[in-house]
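Please open the model in a viewer and keep the sequence at hand. The tour below proceeds by selection, with a short account of what each selection shows.

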Amino acid sequence: MAQPQPQPRPAEGVVRCYNFLPEGNSFLDDVLAGLARPRKTLPPKYFYDARGCALFEKICELPEYYPTRTELAIMREHAGAMAKFLGPGCQLIEFGSGSSTKTRILIERLQPPLYLPVDIADGAMRAAAAGLARAFPWLNITGVCADYTRPLTLPEFVGVPIRRKAVYFPGSTIGNFTPHEAIGFLQLVRRIAGTGGALLIGVDLKKDKQVLDAAYDDAAGVTAAFNLNLLARINRELGGDFQLRRFRHKAFYDEDKGWIEMHLESLASQIVHVGGERFRFGAGETIHTEISCKYGIEEFQALAQRAGFAAEQIWTDAAKLFSVQGMIVA
Ligand code: AVI
């Protein structure tokens, strides 16, 4: 299918948005395939319906969930240096743009002529893009709703000269890929950034298990509600009959693997129906819903190198909880 060719934005406060999500119900297909596996799984990209996005925003404000406030503080302190690293005249492409709070800080300093946010959550992406259009009326914004865990071609801009493409991937969302998948994703980013391109990426760092366990199993139960919302979404959108009180949220840091695992554990032996199929759960059996990898700084640089990036700059907080890494296409 030919990709649309965006032109400069026609009026202030207006954004152009495209939906590149495939037609048909891949949510149903993915759920049926994941629940039919001997070790049941559901892809984490389906957390982000409107309720899931709202719950994720609440997670970001939890006292236990350090990544968001730490990354924001790094951005506030070093956005000037990051803008210098990326240089003037960038086309800024952001993956997983979500609420775009960190992006505002970067755009203020970088002043890119073009901004292209990409997110699977259409409503959240459009709302954030509209907010940025109001805040930066000179900025040409083209939003793309797409699943960036699959092969993707982005629209090419015409009529606006740019010096380089710079991909921004904040939030340590890279951690939600396995290291093997992360290399595949970074190869896609490298293709999109092209020769002379750059990457600015938020990467959560390895730390004490207690800190990590608490960050993904908070006292107020917001992360539990976020995880269980996946079952509620299946009920709402796919006519499933999950009884939410018969499942519980389970999250822990696996020190050997270097990642958080999130699961939904069945509290009883039970049968659940989705899309005309029956799924049997034993008591204690889980659906694996997410991993969140934590990296050492050199460990992540080596991984990015395997995808064709050269590490150039690192910005961290004093306690080395989180990092923002500047890389260039090698
Ligand atoms: C979006 N992503 C980086 C979050 C994380 O920390 O892995 C998702 C999340 N899951 C539970 N809490 C937050």
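**First stop: a polar contact**

Select lysine 102 and glutamate 71, whose side chains are joined by a polar contact of 3.1 Å. Please bear in mind throughout that the model is predicted. Lysine 102 belongs to helix α4. Is lysine 102 buried or exposed? Its relative accessible area is 15%, and because buried means under 20%, lysine 102 counts as buried.

**Helix α4 and its flanking strands**

Extend the selection to the whole of α4, residues 101-110, together with strands β2 and β3; these elements make a right-handed β-α-β unit. Between α4 and β3 there is a loop, and glutamine 111 is located in it. Display the backbone at this position: glutamine 111 has a positive phi of about 50°, although it is not a glycine. With a relative accessible area of 46%, glutamine 111 is partly exposed.

**Strand β2**

Now select β2 alone, residues 90-95. Six of its six residues are buried, so the strand is largely enclosed by the rest of the structure. Colour the side chains by direction: Cys90, Leu92 and Glu94 point one way, whereas Gln91, Ile93 and Phe95 point the other way. Residues of both groups are buried.

Which strands should be added next to show the pairing of β2? One is β3, residues 114-119, which runs parallel to β2 and is joined to it by five bridges. Within this pairing, phenylalanine 95 has valine 118 of β3 as its bridge partner. Another is β5, residues 164-169, which also pairs with β2 in the parallel sense, over five bridges. Here leucine 92 is the residue of interest, standing opposite alanine 166 in β5.

**Beyond β5**

Follow the chain out of β5 into the loop that lies between this strand and α6 (179-193), and select serine 172 there. Serine 172 is not a glycine, yet it has a positive phi of about 60°. Is serine 172 buried or exposed? A relative accessible area of 6% makes serine 172 buried.

**The ligand**

Centre the view on the ligand and show the residues around it. How many residues surround the ligand? There are 14, and the closest are Tyr65, Asn176, Tyr216, Glu290 and Ser292. By class, the shell divides into seven nonpolar residues, six polar and one charged.

Distances can be displayed for three of these side chains:

- Asparagine 176 places a polar side-chain atom 2.9 Å from a nitrogen atom of the ligand.
- Tyrosine 216 has a polar side-chain atom 2.5 Å from an oxygen atom of the ligand.
- Glutamate 290 has a side-chain N or O atom 2.7 Å from a nitrogen atom of the ligand.

Switch to a surface display for the next value: the ligand taken alone exposes 340 Å², of which the protein buries 97%. To relate the shell to the secondary structure, highlight α2 (50-59), α8 (222-238) and β11 (286-293), the elements that give two or more residues to it.

**Last stop: strand β7**

Finally, select strand β7, residues 247-254, and locate aspartate 254 within it. Aspartate 254 has a relative accessibility of 18% and counts as buried. What does the side chain of aspartate 254 reach? Add aspartate 256 to the selection: its backbone nitrogen is reached by that side chain at 3.0 Å.

Technical notes:
Residues are numbered from 1 along each chain as its sequence is written. This is a predicted model: local features need pLDDT of at least 70, side-chain atom pairs count only at pLDDT 80 or more; totals for chains, interfaces and linings use all residues. Side-chain values use heavy atoms; hydrogens and water are left out. A residue is near a molecule or strand if one of its heavy atoms lies within 4 Å of it. A polar contact is a pair of N or O atoms within 3.5 Å; within protein, one must be able to donate a hydrogen and the other to accept it, and residues adjacent in sequence count only if both atoms are side-chain atoms. Accessible areas come from the Shrake-Rupley method with a 1.4 Å probe; for residues, only the protein chains shown count as cover. Helices (H or I, at least four residues) and strands (E, at least two) are DSSP runs, numbered from the N terminus. Ala, Val, Leu, Ile, Met, Phe, Trp, Tyr, Cys and Pro count as nonpolar, Asp, Glu, Lys and Arg as charged, and the others, Gly among them, as polar. Buried means under 20% relative accessible area, exposed over 50%, partly exposed in between (1.4 Å probe, protein chains only). Two strands pair if DSSP finds at least two bridges between them. A crossover is right-handed if, with the strands pointing away from the viewer, the path from the first strand over the helix to the second runs clockwise.
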